[in-house]
Amino acid sequence: MGGRTLGATWTVRDILNWTRTYFKEAGIVQPRLEAEILLAHTLSVDRLHLYLSPDRPLTPEERARFREIVKKRKQGTPLQYLVGEVQFLGLRFRLRPGALIPRPETEEMVMRALRLLPRDQDTACLDLGTGSGVIGICLAKYLPRVMITAVDTSTEALEIAQENADLNQVSDRITFLESDWFERVEGVFDLIVSNPPYVAREELSHLPSEVRNHEPRVALDGGKGGVEAISRIAGGVREHMRRGGTLLLEIGDGQGQPVSEMLERVGLVDVRVERDLSEKERFVIARCP
Ligand SMILES: C[S@@+](CC[C@H](N)C(=O)[O-])C[C@H]1O[C@@H](n2cnc3c(N)ncnc32)[C@H](O)[C@@H]1O
């Protein structure tokens with residue numbers, strides 16, 4: 001925040017204007033919005049407050065904290081990790097670099113999952129690779145009688161997911177389990193849902209640096225062709241799915257055919273691929289006969 005004499009007063013308006021220009025020059029796509037979000041976070045107020053008090057001066061301590069956060073953003077730390085929070089299907093979730101930043105496509109998947117389970121019956125659902133917990137927690141929040149088992153191999157992700165279950169008051173209906181996919185899973189489920197790592201290992205180096213350098217590799221790396229994790233999941237579904245139960249997977253564009261074939265090989269039926277709002281192949285749904 002150069003260009004001004006030390007000790008000059010910086011107001012909310014000054015800081016936002018300065019940061020917008022700085023972010024724009026750094027190639028950040030929504031510079032004004034991000035500046036507002038980060039300043040509101042630093043001052044522990046909501047964004048509206050910034051509009052209501054544009055002349056509010058910042059203390060030197062607030063300026064120093066904001067400067068640090070702006071620096072990290074310019075260096076590529078994703079906004080969601082800096083503010084430590086995201087909204088997903090209308091709920092709040094805490095977030096740290098130990099868990100993937102939830103994507104809008106996954107909101108689309110959860111909306112499909114909500115249509116697959118009845119609201120008025122006891123059901124059991126398995127969320128494989130729960131990360132920050134968004135899928136399982138939304139299902140528990142919006143389906144009052146579902147019991148969730150949420151699995152991850154990452155201890156750090158499971159800690160974040162547990163915090164999020166507490167935050168959204170659904171801990172009594174979610175069991176968190178540290179497991180390599182099905183290894184420690186017991187029982188059968190009406191719905192198995194997963195957003196597994198599905199980026200082809202050969203493509204990892206082409207991901208934007210914000211993703212590649214900041215999000216957990218274990219959440220992205222789908223092995224050769226991006227379908228190794230899915231293949232492991234396919235290998236265990238029959239044993240853990242109730243007859244007539246459903247498998248719902250998020251996949252990468254172009255994986256529809258290999259994944260469908262994989263699921264048919266293990267005996268699942270009515271396998272279909274659906275597209276997301278950007279018209280990309282994104283979901284596979286299959287049924288246990
Ligand atoms: C793409 S992220 C999805 C996270 C979250 N469900 C979401 O949609 O935002 C994949 C998750 O699978 C987990 N994972 C990777 N390998 C695993 C394994 N062998 N067993 C269980 N979970 C695994 C990762 O730790 C990560 O949290």
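# Briefing: ligand shell and helix packing

At least two residues of the shell around the ligand come from each of two elements, α7 (134-142) and β4 (146-152). The model is predicted. The protein is divided into two domains, domain 1 spanning 12-75 and domain 2 spanning 97-287. The points below treat the ligand shell, the domain arrangement and three helix pairs.

**Ligand shell**

- The ligand is surrounded by 22 residues, of which Gly129, Gly131, Thr153, Asn195 and Ala219 come nearest.
- Sorted by class, this shell around the ligand comprises twelve nonpolar, eight polar and two charged residues.
- Helix α7 (134-142), which supplies at least two residues of the shell, also packs against helix α6 (residues 104-116), as described under the next topic.

**Helix pair α6 and α7**

- The axes of α6 (residues 104-116) and α7 come within 10 Å of each other and cross at roughly 40 degrees.
- Angles under 35 degrees count as roughly parallel and those from 65 to 115 as roughly perpendicular; α6 and α7 are therefore oblique to each other.
- The crossing in which α6 passes α7 is right-handed.
- On the α6 side, the contact is made by Thr106, Val110, Ala113 and Leu114, and on the α7 side by Val134, Ile135, Cys138, Leu139 and Tyr142.
- The residues of this contact of α6 with α7 divide into eight nonpolar and one polar, with no charged residue.

**Domain arrangement**

- The C-alpha centres of domain 1 and domain 2 are separated by 35 Å.
- Domain 1 covers residues 12-75 and domain 2 covers residues 97-287.

**Helix pair α1 and α2**

- Helix α1 (residues 12-25) and helix α2 (residues 31-43) have axes that come within 8 Å and cross at roughly 130 degrees.
- α1 and α2 are therefore oblique to each other.
- α1 passes α2 in a crossing that is right-handed.
- From α1, the contact involves Val12, Ile15, Leu16, Thr19, Arg20, Phe23 and Lys24; from α2, it involves Pro31, Arg32, Glu34, Ala35, Glu36 and Leu39.
- Seven nonpolar, one polar and five charged residues make up the contact of α1 with α2.

**Helix pair α2 and α4**

- α2 also packs with helix α4 (residues 60-74), at an angle of about 140 degrees and with the axes 10 Å apart.
- Angles over 145 degrees count as roughly antiparallel; α2 and α4 are therefore oblique to each other.
- The handedness of the crossing of α2 and α4 is right-handed.
- The α2 residues in the contact are Glu34, Leu38, Leu39, Thr42 and Leu43, and the α4 residues are Glu62, Arg65, Phe66, Ile69, Val70 and Arg73.
- This contact of α2 with α4 has six nonpolar, one polar and four charged residues.
- Glu34 and Leu39 of α2 take part in the contact with α1 and also in the contact with α4.

Technical notes: Residues numbered from 1 in each chain as written. Predicted model: local features only at pLDDT ≥ 70, side-chain atom pairs only at ≥ 80, totals over all residues. Axes fitted to C-alpha atoms, helices over the stretch in contact; angles between N-to-C directions. Helix = DSSP H or I, 4+ residues; strand = E, 2+ residues; numbered from the N terminus. Left-handed = near helix turned anticlockwise from the far one by under 90°. Contact = placed C-beta atoms within 7 Å. Nonpolar A, V, L, I, M, F, W, Y, C, P; charged D, E, K, R; others polar. Domains from an automatic or database assignment. Near = placed C-beta within 6 Å.
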